[in-house]
Amino acid sequence: MMSSIFTYVSAENYKFFKSKLWKFSLLIVTLFSLFMIMSIHKDNDWKNNITKTNQEIAVQLKMTPYELEQTFKSDSLIKEWKENNAYLKANIKPATIDTIQGYLSEVMSLKGLGLIVIAFTIIFAVSIAKEFESGTIKFMMISPYSRVKVILGKYLNVLLVSFLFLFSVLLINALIAFFFMDMSDSVRLLYVNGEIISISIYGFMVKNILLSLIYYLVYTTFAFMLATLFRSVSISLSISLLFALLGTQLIGVFNVSTKIKQYILPTIVDLTHYYKGQTLVEANNYSLLSCLIIILVYMATFLLITVTTFKNRDI
């Protein structure tokens with residue numbers, strides 16, 4: 001079964017990579033990447049800027065530097081102050097957004113190119129709805145492959161195309177950043193459980209990139225399910241983009257308890273660790289492992305609905 005699915009996926013990939021959509025997508029993202037990198041202000045006086053930031057935090061919290069050093073609270077502002085203070089004491093330039101490592105750590109996240117890139121991966125996912133609309137999906141039914149193999153092949157093709165696209169976007173940004181940005185120090189300082197710990201900035205960067213890819217994986221699968229269910233490009237595209245781009249805001253409209261929010265997808269799908277600011281996962285102290293398990297359940301449910309619908313519904 002697996003060999004026949006991979007044969008089908010290879011054929012689908014060949015068709016896609018010869019299409020204009022692939023080249024157009026890369027061109028648009030490259031232009032956005034250039035614009036974003038060129039618009040980032042280079043911090044040549046990072047020590048003074050961090051000192052000013054810490055002074056502002058102290059005023060905002062109405063605490064002295066001594067009180068901030070002694071406290072063990074996990075408030076986001078206190079966390080930022082302690083990390084900044086550790087960088088100043090160790091004379092280590094942090095991996096801020098204007099450095100290569102800092103930029104690449106966040107470029108695929110929702111604060112980076114995420115809101116633009118996700119639109120293209122969703123477009124890739126809902127392309128199956130176009131086959132329903134045009135009737136070309138019927139030609140798949142006369143192939144030697146079963147319906148389950150066809151839909152799994154389509155799904156694997158979407159995932160492969162999406163991740164090749166994401167890798168291309170990351171590579172393009174790495175090349176551009178190399179020419180326009182400086183390197184940071186190789187150490188990342190984090191305030192965790194009441195103490196400052198030191199980790200490799202490269203390990204942190206790779207982990208952050210991998211965690212940011214989960215956002216694309218989930219919503220690409222979600223869009224693929226909707227395309228199979230509704231068989232309409234406009235409907236599946238609209239609903240997918242609504243949740244992918246505005247999901248967090250939609251949840252904020254309703255008065256939902258913190259415990260319930262942990263099981264709502266838009267709340268837990270952004271697992272990136274940002275240099276400044278917190279995600280909902282960090283703000284609510286959700287466990288990374290529990291978030292990954294819940295996301296996996298969502299993924300399995302989306303895929304089960306997709307396969308069941310395609311297998312049993314008339315085409």
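The following exercises, each with a worked solution, concern a predicted model of one protein chain.

Residues are numbered from 1 along each chain as its sequence is written. In this predicted model, local features need pLDDT of at least 70 and side-chain atom pairs count only at pLDDT 80 or more, whereas totals for chains, interfaces and linings use all residues; side-chain values use heavy atoms, with hydrogens and water left out.

**Exercise 1. State the overall composition and extent of the chain.**

Solution. Begin with the secondary structure: the chain has 16 helices and two strands. Helices (H or I, at least four residues) and strands (E, at least two) are DSSP runs, numbered from the N terminus. Next, take the extent: along its principal axes the C-alpha trace spans about 75 × 45 × 30 Å. Finally, consider burial: 46% of the 315 residues count as buried. Buried means under 20% relative accessible area, exposed over 50%, and partly exposed in between (1.4 Å probe, protein chains only).

**Exercise 2. Determine which residues of helix α2 are buried and how they are arranged about its axis.**

Solution. First, check the length of α2, residues 20-39. The expected span of a helix is 1.5 Å times one less than its number of residues. For the 20 residues of α2 this gives 28 Å, and the end C-alpha atoms are 29 Å apart, which agrees. Second, list the buried residues: Trp22, Ser25, Leu26, Val29, Ser33, Met36 and Ile37. Third, look down the axis of α2: these buried residues fall within an arc of 95 degrees, so they line one face of the helix. The arc is that of the directions from the helix axis to the C-beta atoms. The general reason is that an α-helix has 3.6 residues a turn, so residues three or four places apart point the same way. Fourth, turn to the face away from the buried side of α2, which carries the exposed residues Lys20, Lys23, Phe35 and Met38.

**Exercise 3. Characterise helix α11, including its two ends and two of its leucines.**

Solution. Start with the length: the 30 residues of α11 should span 44 Å, and its end C-alpha atoms are 44 Å apart, which agrees. Then assess burial: α11 is mostly covered, with 22 of its 30 residues buried. At the start of α11, a side-chain oxygen of Ser200 reaches to within 3.2 Å of the backbone nitrogen of Tyr202. Just after α11, Arg231 takes a positive phi of about 55 degrees. For the leucines, Leu226 counts as buried at 6% relative accessibility, whereas Leu217 counts as partly exposed at 25%. Leu226 and Ala129 are 97 residues apart in sequence and 8.7 Å apart in space, C-alpha to C-alpha. Leu217 and Ile295 are 78 residues apart in sequence and 9.9 Å apart in space, again C-alpha to C-alpha.

**Exercise 4. Describe the largest pocket and its lining.**

Solution. Take the volume first: about 740 Å³. A pocket is an open set of points on a 1 Å grid over the protein atoms alone, where a 1.4 Å probe fits, with protein on both sides within 12 Å along at least five of seven lines; lining residues have an atom within 4 Å of a point. Grid points are joined across faces, edges and corners, and a volume is the space filled by probe spheres set on the points. Next, identify the centre: of the 26 lining residues, Lys79, Val192, His273, Glu282 and Tyr286 are the closest to it. Then assign elements: β1 (187-192), α11 (201-230) and α15 (280-283) give two or more residues to the lining. Of the elements, α11 gives the most, with five residues.

Terms used:
Polar contact = N/O pair within 3.5 Å; in protein donor to acceptor, adjacent residues only side chain to side chain.
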